[in-house]
Amino acid sequence: MDRRTFLISLGAGAGAIGLGACSKDSSDTAAVGVGAPSTTSSLPVPTLAKDPFTLGVASGDPDPTSVILWTRLAMAPLDGGGMGDAQVPVQWEVATDESFATIVANGTAVADAKWGHALHVTASGLESATRYFYRFKVGDYTSASGRTMTTPAEKASVDRLRFGFASCQDWQSGYYNAHRDIAATENLDLLLFLGDYIYEYGAQEVGKGNTKRTHGADEATDLAAYRNRYALYRSDEHLQAAQARCAWVNIWDDHEVENNYAGMQSEDPKIAPETFSSRRAAAYQAWYEHTPVRLEAPTGADYKIYRSFAWGALATFFMTDERQYRTDQACGDQTLKLTPACDEVNSGGRTLMGPEQLAWLLDGLDTADTTWRVWGNEVVMTPVTVGAAILNYDQWDGYPAERKQVLDHIKAEDITNLVVVTGDIHLAGVGDLTVGTGEAREVVATEFVGTSISSDGLLPPGTEEVVRSAVPAIKYVNSSQRGWTYCDVTAEEWITEYRMVDDNLVDGSPLQVDARFRVTPTVPGAIQL
Ligand code: FE
Ligand code: CA
């Protein structure tokens with residue numbers, strides 16, 4: 001069957017069903033039951049010329065009775081998907097065993113060209129704190145299977161949670177050895193991805209700097225280009241395997257749209273907000289299409305993604321968006337300059353989170369009564385300053401009044417169990433978050449910063465010790481290695497393990513544990529083991 005015939009047969013199906021069957025329609029996607037797979041869609045199943053499951057599968061945003069299952073049909077992943085305009089019915093199955101002998105939920109979801117033939121299925125009616133396996137089928141093709149897990153029931157006592165966090169996976173800068181390691185980790189219930197899932201940048205030349213592979217494309221600025229960029233990243237076998245290992249909870253950082261954008265302000269001050277708005281809308285749509293999130297599809301350039309979830313009585317997670325609502329970076333957004341900060345940084349009204357999200361976070365921190373409170377945070381909160389100089393205005397250092405408001409609140413509410421996990425800056429680090437100065441300085445929370453999966457380190461080699469000695473709040477820095485971070489959490493203690501790739505410019509390089517830290521829920525501040 002040639003491509004033209006395929007498109008025609010798909011087109012006939014689309015005409016028959018009309019526009020009513022959307023992939024988020026609960027009667028189609030949330031069909032749940034025990035027994036044989038149901039086919040509730042009346043759409044004809046097209047005969048596909050090629051395997052459409054080139055981008056793997058994923059699951060995310062679990063709750064006690066359901067989880068989001070994701071895939072995207074793409075016979076030509078790097079060239080718009082190659083699925084034509086039609087709606088395609090896709091069967092999905094959830095089983096309690098890896099061989100799919102016992103299917104506990106199934107249904108048919110409709111992949112629509114409007115969303116790049118991506119699917120977000122809510123598989124519901126599941127048992128809490130339970131491992132499941134899932135897969136998709138179209139015609140003769142069956143996807144890879146993924147493993148996922150529902151969260152424990154609300155307030156249920158939980159012995160242990162083992163989760164990871166990761167960020168910053170520039171495909172051109174190195175290999176996905178860290179993802180291979182994530183995929184090989186048997187005891188992993190959840191992974192938080194803290195942003196920079198793609199980089200919008202244009203092609204880099206292989207051999208220049210650390211560039212190991214090039215995508216040959218221009219900087220992504222429109223929907224077609226963002227979709228192709230996600231598809232390129234998702235074509236990596238190690239990333240596919242890591243996403244199939246466990247449920248992910250994703251937030252974005254800047255590079256899903258553009259480096260260091262702030263609200264509706266492009267990094268390039270010459271670009272008007274009205275122009276940037278359509279780029280942001282395209283980028284947010286492509287993020288939605290490639291992320292297993294429990295969110296409605298975006299309808300424009302505004303898209304609320306901040307959200308929280310609980311892991312029984314053990315932990316409440318707050319996942320925040322520190323790009324969409326922020327004031328533009330102060331003082332010209334310079335980095336690694338030793339000149340004292342300009343006045344702008346302390347001017348009134350500057351915000352990183354926006355007033356609504358900030359109020360939501362502070363209120364949520366107050367009412368969470370789990371053993372741990374966990375904040376999935378996008379940019380570094382620990383002060384990284386030398387004298388009066390701010391080394392990076394893009395971090396919380398550029399928004400000191402709002403940071404003080406958050407930390408004062410934690411102190412005032414007597415919260416001792418907050419652990420902040422952070423991405424963005426391509427280094428592993430541990431910091432104390434404090435209130436007061438001098439003798440009155442007091443640690444109120446712990447920050448674990450994770451290194452990048454593959455993006456280049458940003459500190460010149462050998463400067464880790466300089467930063468560490470200049471900044472007393474920092475207990476550990478490793479900027480020279482790539483990797484991910486593993487957290488083993490019980491009601492008594494939280495152990496963080498920094499897993500680092502020996503040499504990420506070598507495909508297949510092994511990982512080692514570089515450092516381990518312990519925190520307890522009653523005394524903030526990490527202790528190195
Ligand atoms: Fe990054
Ligand atoms: Ca970033």
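Let's start with what packs over helix α5: its buried residues are covered by, among others, β1 (57-60), β6 (131-138), β8 (146-149), α3 (177-183), α4 (223-234) and β11. Contact here means heavy atoms within 4.5 Å. Buried means under 20% relative accessible area, with exposed over 50% and partly exposed in between, using a 1.4 Å probe and protein chains only. Helices (H or I, at least four residues) and strands (E, at least two) are DSSP runs, numbered from the N terminus.

How many of the nine residues of α5 are buried? Seven, so you can call this helix, residues 237-245, mostly covered. They are H238, L239, Q240, A242, Q243, A244 and R245.

A quick word on ground rules, friends: this is a predicted model, where local features need pLDDT of at least 70 and side-chain atom pairs count only at pLDDT 80 or more, while totals for chains, interfaces and linings use all residues. Residues are numbered from 1 along each chain as its sequence is written, chains are lettered from A and ligands numbered from 1 in the order in which they are written, and side-chain values use heavy atoms, with hydrogens and water left out.

As for pLDDT, the predictor's confidence in each residue from 0 to 100, the protein averages 91, and 92% of the residues score at least 70. Please be careful with residues 1-39, though: pLDDT stays under 50 there, and the model has 80 contacts beyond four places in sequence for that stretch.

Now to the metals. Donors are N, O and S atoms within 2.8 Å of the metal, or 3.2 Å for Na, K and Ca; water is not among the atoms, so sites may look incomplete. Which residues coordinate the iron ion (ligand 1)? C168 (SG), D196 (OD), Y199 (OH) and H426 (NE2), at 2.0 to 2.5 Å. Along the chain, those donors follow the spacing C-x27-D-x2-Y-x226-H. The arrangement is irregular, because the four donor atoms subtend angles of 88 to 169° around the iron ion. For reference, four donors are tetrahedral if all angles lie between 85 and 135 degrees; four are square planar and six octahedral if opposite donors are over 155 degrees apart and all others between 65 and 115; anything else is irregular.

The calcium ion (ligand 2) has the protein donors D196 (OD), D253 (OD), D254 (OD) and D424 (OD), 2.3 to 2.6 Å from it. D253 sits in the loop between β11 (247-250) and α6 (273-289), and D424 in the loop between β17 (418-422) and β18 (428-435), so the pair ties together parts 171 residues apart in sequence. D196 bridges the two ions, which lie 3.7 Å apart.

Are these donors buried or exposed? D196 is buried at 1% relative accessibility, Y199 at 3%, D253 at 0% and D424 at 7%.

Zooming out, the largest nonpolar core has 76 residues, and F163, L192, F317, F448, W484 and W494 have the most contacts inside it. By nonpolar core I mean a set of buried Ala, Val, Leu, Ile, Met, Phe, Trp, Tyr and Cys residues joined through side-chain atoms within 4.5 Å. Helix α6 gives the largest share of this core, seven residues. Another core, of 25 residues, lies apart from it and includes M75, V121, L126 and V138.

Finally, the protein has nine helices and 24 strands, and buried residues make up 59% of its 529 residues.
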